[in-house]
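Could you walk me through this protein model, from its overall layout down to a few single residues? I am just starting out, so please take it one step at a time.

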Amino acid sequence: MEIYVEYALAENFLLDAMLLWLALKTARQKIIWGRISLAAALGAVFAVVFPLMRLGNVLAYLLKFAVGLLLCLISVKGKGAGRYAITALIFFGYSFALGGALLALYSAFSLDYKAGEGGYLVERAPVGTVLGGSFLFCVVSVSLVKRLYKKRAMRRFLYSCKVVLGDRSVTAEGFLDSGNRATAHGIPVCFLSPDLAFDLLGERSMTEEMTIVTVNGEKQIKIFLADSLEIYCGNRPNIIRRVYFAPSGHIRAREYKIILNAEVTEHIPVQ
């Protein structure tokens, strides 16, 4: 199979640049395109020269691993051992994941390939297939990383909560919303999912109402007064007496079932 060197260089340059960018972005490192370009160029040259080397499998894998470490060393600004190690681990993780994804793509579309010494591919798949699959891999990876960091950031504001009303109580995760400053009769108002409200109220009816302002204008909502709200930070409960709650259908599909009022921050320590 005839392979043009310039095409191989360009393809490997793009793949290495993408993997290094993904690793830096995931590790939240500063992205410097000059460093990425230099490292990707070195990786592209190595990828073209590597199949010409006559090495055993062990030496081949060690050399590929060493070059990968060098590419990360070039790309990372500020060579703190921890920062560099995390970036390198993520880079190798993405490299293995992309390799597995491309092999699965080859199999799915019946593309022929065979592994040579050191694990490189002797028969190359079409460039469009490789780059298209890699682009899709990049998009999916970035989306997953964003979700992961968003979930991680949200966890800082989630607390285990217990709401007590008479002889009934419910427990659920509560999200501390700094934008929720609603009050009724000077008492903070929290929101909870309809199923929790049903479990708490039982045969009771909500007789009180309050007005809230939404993007669609003012709206009247039903509220009820709970005996207490317990917010746990560790194993110690922080008890707030007399808190209003309002059922909200917008909480159904979320990780938490209670939206805490911003005023409760004075009752709980910062995590």
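Here is a short tour, beginning with the whole chain and ending with some individual residues.

Keep in mind from the start that this is a predicted model. The protein chain holds 6 helices and 8 strands. If you read along the sequence, these elements come in the pattern α-α-α-α-α-β-β-β-β-α-β-β-β-β. The chain has 271 residues, and 37% of them are buried. Now take the contacts in the chain with a separation of 6 or more: 66% of these are accounted for by residues 24 or more positions apart.

Let us begin with helix α1, which covers residues 5-26. Does its length make sense? We can work that out, because a rise of 1.5 Å a residue means that the 22 residues of α1 should span 32 Å. In the model, the end C-alpha atoms of α1 are 31 Å apart, which agrees with that expectation.

Next, find the neighbour that follows in the sequence, α2, which is made of residues 33-49. The axes of α1 and α2 are 7 Å apart, and the two helices pack at an angle of about 135°. Angles over 145 degrees would count as roughly antiparallel, and 65 to 115 as roughly perpendicular. The angle here fits neither range, so α1 is oblique to α2. The crossing of α1 past α2 is right-handed.

Which residues bring these two helices together? On the α1 side, the residues in contact are Val5, Ala8, Leu9, Asn12, Phe13, Asp16, Ala17, Leu20, Trp21 and Leu24. Their partners in α2 include Trp33, Ile36, Ala40, Ala44 and Val48. Sorted by class, this contact has 17 nonpolar, 3 polar and 1 charged residues. The numbering on the α1 side invites a closer look. An α-helix has 3.6 residues a turn, so residues three or four places apart point the same way. With that in mind, try following Val5, Ala8, Leu9, Asn12 and Phe13, which are among the α1 residues that meet α2.

Helix α1 also packs against helix α3, residues 57-75. Here the angle is about 60°, and the axes are 11 Å apart. That angle makes α1 oblique to α3, and the crossing of this pair is right-handed. In this contact, Asp16, Leu20 and Leu24 of α1 meet Leu71, Cys72 and Ser75 of α3. The residues involved divide into 4 nonpolar, 1 polar and 1 charged. You may recognise some names: Asp16, Leu20 and Leu24 are also among the α1 residues that meet α2.

Now follow the chain just beyond α1 to Arg28, which sits in the loop between α1 and α2. Its phi is near 55°, a positive value in a residue other than glycine. Is Arg28 buried or exposed? Its relative accessibility is 59%, and because exposed means over 50%, Arg28 counts as exposed. His185 offers another example: its phi is also near 55°, again a positive value in a residue other than glycine. His185 is found in the loop between β3 and β4, and at 67% relative accessibility it counts as exposed.

Finally, let us visit a few residues whose partners lie further along the chain. Phe50 lies in the loop between α2 and α3. Buried means under 20% relative accessible area, so Phe50, at 6%, counts as buried. Its C-alpha atom is separated by 8.7 Å from that of Lys64, which is 14 residues apart from Phe50 along the chain.

Lys146 belongs to helix α5, residues 127-155. With a relative accessible area of 55%, Lys146 is exposed. Lys146 and Thr26 are 120 residues apart in sequence, but their C-alpha atoms are 8.7 Å apart in space.

In strand β7 you will find Ile240, which is buried with a relative accessible area of 7%. The C-alpha atoms of Ile240 and Asp227 are separated by 8.7 Å, and these residues are 13 apart along the chain. Gly249 lies in the loop between β7 and β8, and its 38% relative accessibility makes it partly exposed. From C-alpha to C-alpha, Gly249 and Pro194 are 6.2 Å apart in space, with their positions 55 residues apart in sequence.

Methods
Residues are numbered from 1 along each chain as its sequence is written. This is a predicted model: local features need pLDDT of at least 70, side-chain atom pairs count only at pLDDT 80 or more; totals for chains, interfaces and linings use all residues. Side-chain values use heavy atoms; hydrogens and water are left out. Helices (H or I, at least four residues) and strands (E, at least two) are DSSP runs, numbered from the N terminus. The expected span of a helix is 1.5 Å times one less than its number of residues. Axes are lines fitted to C-alpha atoms, for helices over the stretch in contact, and angles run from 0 to 180 degrees between N-to-C directions. Angles under 35 degrees count as roughly parallel, over 145 as roughly antiparallel, 65 to 115 as roughly perpendicular and the rest as oblique. A crossing is left-handed if the near helix is turned anticlockwise from the far one by less than a right angle, and right-handed if clockwise. Contact means heavy atoms within 4.5 Å. Ala, Val, Leu, Ile, Met, Phe, Trp, Tyr, Cys and Pro count as nonpolar, Asp, Glu, Lys and Arg as charged, and the others, Gly among them, as polar. Buried means under 20% relative accessible area, exposed over 50%, partly exposed in between (1.4 Å probe, protein chains only).
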